[in-house]
Amino acid sequence: MLILVVMTPQGNLTARRELGSFLRSRRERITPDHVGLPAGGRRRTPGLRREEVAMLAGVGVTWYTWLEQGRDISPSPEVIDAIARALRLDSDEREHLWLLAAGRVAGEVDPSDGVVTEGHLALLATLMPTPACIQTDKFDILASNASYRFLIDDLDNGPVADRNCMVRAFLDPVWAATYPDYEEATARMVGRLRSALPRHLDDPSWTALIERMRTESPRFRQLWQQREVVTSAAPQQVFHSRRVGAVRVHFMRLWLENTPSVRLISMQPVTAADARRLTRLAELVASEPVVTTRPSVTAQLPVIAA
């Protein structure tokens, strides 16, 4: 029988230790072939290696190791769910993981959440066919309208952690081919990430993103080592859309109330030809939802009775 542990202020250290033990026990019961990984030679301990769990969950190896060691770090909801999936946890085990890692069960809203409201989503819908999204300092897309989602490729296709412009620009060849000024655009993105980092030094999701990018992208690693800082974004950008051709847009950025690290971005067409291409894009994806959000955002929104 699985025992659920509820965290209290006095029990934080105990909960962190219990979390580490729980993660190790679940990691050791899974063999590589269960998750489609090669055995990789002789293993000193049963089950998956830490680096394999980290890879499956899309988090940094060092950060995941700290989590197993009971360090005082706070995983985001997306990270908790990613680890649960990587370890093939059932519903009871997932609830236990949430209680140990966050002091609450999945679906209970953290007081710091709730940045995106129904009003913001309605605005994204109203802006159609203009591409628009809600984006964080580390380029996570929290919500987007259909024109933004399909401007390059289907942003929502794949892991939730990949709904991130930095990840896509550096790790997705389709996205990379979209930028005619790829070298300049990606250097600017890394500079903006570096500029925003001091406000998020205690956020493990930032650590995980940076470690992932340094590991998987040689170009990102090179740019990150240069330590260039960029505080302003480009006013315009050309995207080579596979659906409608080249589109030049002008960015308009609106910061959300009392949340300087999250902004609503709309991409206004520069010319009449650009506007016609965006209208055509909206027509091509008219059967798709007008607005989509990350699961963590969806869970925060009130349920509207039918």
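Let's start in the loop between α6, residues 118-126, and β1, residues 132-136, because that is where Pro129 lies. The peptide bond joining Met128 and Pro129 is cis, with omega at about 10 degrees. Please keep in mind, as we go, that this is a predicted model.

Now follow the chain from that loop into β1. Is this strand enclosed or open? All of its residues, 5 of 5, are buried, so β1 is largely enclosed by the rest of the structure. You can check that face by face. On one side you have Ala132, Ile134 and Thr136, on the other Cys133 and Gln135, and every one of these is buried.

Which strands does β1 pair with? One is β5: the two run antiparallel and are joined by 5 bridges. Another is β2, also antiparallel to β1, with 3 bridges. Cys133 is a nice residue to look at here. Its bridge partner in β5 is Ile265, and its bridge partner in β2 is Ser144. For Ile134, the partner in β5 is Leu264.

Let's stay with β5 for a moment. This strand is mostly covered, with 8 of its 11 residues buried. β5 also pairs with β4, again in the antiparallel sense, over 8 bridges. Look once more at Ile265, which we met as the β5 partner of Cys133. Ile265 is also the bridge partner of Arg253.

Next, the turn from β1 to β2. These two strands form a hairpin with 4 residues between them, and Phe139 in that hairpin takes a positive phi near 75 degrees. Phe139 is a residue other than glycine, and its phi is still positive. Is Phe139 buried or exposed? Its relative accessible area is 3%, and the cut-off for buried is under 20%, so Phe139 is buried.

Compare that with Arg88, in the loop between α4, residues 77-86, and α5, residues 91-102. Arg88 is another residue other than glycine with a positive phi, in this case near 55 degrees. With a relative accessible area of 46%, though, Arg88 is partly exposed. And there is a glycine for the list too: Gly70, just after α3, takes a positive phi of about 80 degrees. As for helix α3 itself, residues 61-68, its buried residues are Trp63, Tyr64, Thr65, Leu67 and Glu68.

On to the aromatic rings. A pair of aromatic rings is described by two things, the distance of the centres and the angle of the planes. How many aromatic pairs are there in this model? The count comes to 3. Let me show you the pair of Phe170 and Phe220. Their ring centres are 5.6 Å apart and their planes sit at 85 degrees, and planes over 60 degrees apart count as edge-to-face, so that is what we call this pair. What does the pair link? It connects distant parts of the chain, since Phe170 belongs to helix α8, residues 165-171, and Phe220 to helix α12, residues 218-226, with the two 50 residues apart.

Both rings belong to buried residues. Phe170 has a relative accessible area of 10% and is buried, and Phe220, at 0%, counts as buried too. Ring pairs also bring in Trp224, which makes a cluster of Phe170, Phe220 and Trp224. Now turn the model to see the face of Trp224. Which residue lies over it? That is Arg194, at 3.8 Å from the ring centre.

My last stop is the second largest pocket, with a volume of about 230 Å³. Which elements give two or more residues to its lining? They are α10, residues 182-196, β4, residues 245-256, and β5, residues 259-269. The largest share, 4 residues, comes from α10. In total, 15 residues line this pocket, and those nearest its centre are Asp137, Arg192, Thr231, Trp255 and Arg263. What kinds of residue make up the lining? It divides into 7 nonpolar, 3 polar and 5 charged residues.

If you open the model afterwards, try starting from β1. Go from Cys133 across to Ile265 in β5, and then from Ile265 to Arg253. After that, find the cluster of Phe170, Phe220 and Trp224, and look for Arg194 over the face of Trp224. Thanks for listening!

Notes
Residues numbered from 1 in each chain as written. Predicted model: local features only at pLDDT ≥ 70, side-chain atom pairs only at ≥ 80, totals over all residues. Heavy atoms only, no water. Buried < 20%, exposed > 50% of the residue type's maximum accessible area, 1.4 Å probe, protein only. 1 Å grid on protein atoms, 1.4 Å probe; cavity = no way out; pocket = protein on both sides within 12 Å on 5 of 7 lines; lining within 4 Å. Points joined across faces, edges and corners; volume = space filled by probe spheres on them. Nonpolar A, V, L, I, M, F, W, Y, C, P; charged D, E, K, R; others polar. Phe/Tyr/Trp six-rings, centres within 6.5 Å; stacked < 30°, edge-to-face > 60°. Lys NZ or Arg CZ within 6 Å of the ring centre and 35° of its normal. Pairing = 2+ DSSP bridges.
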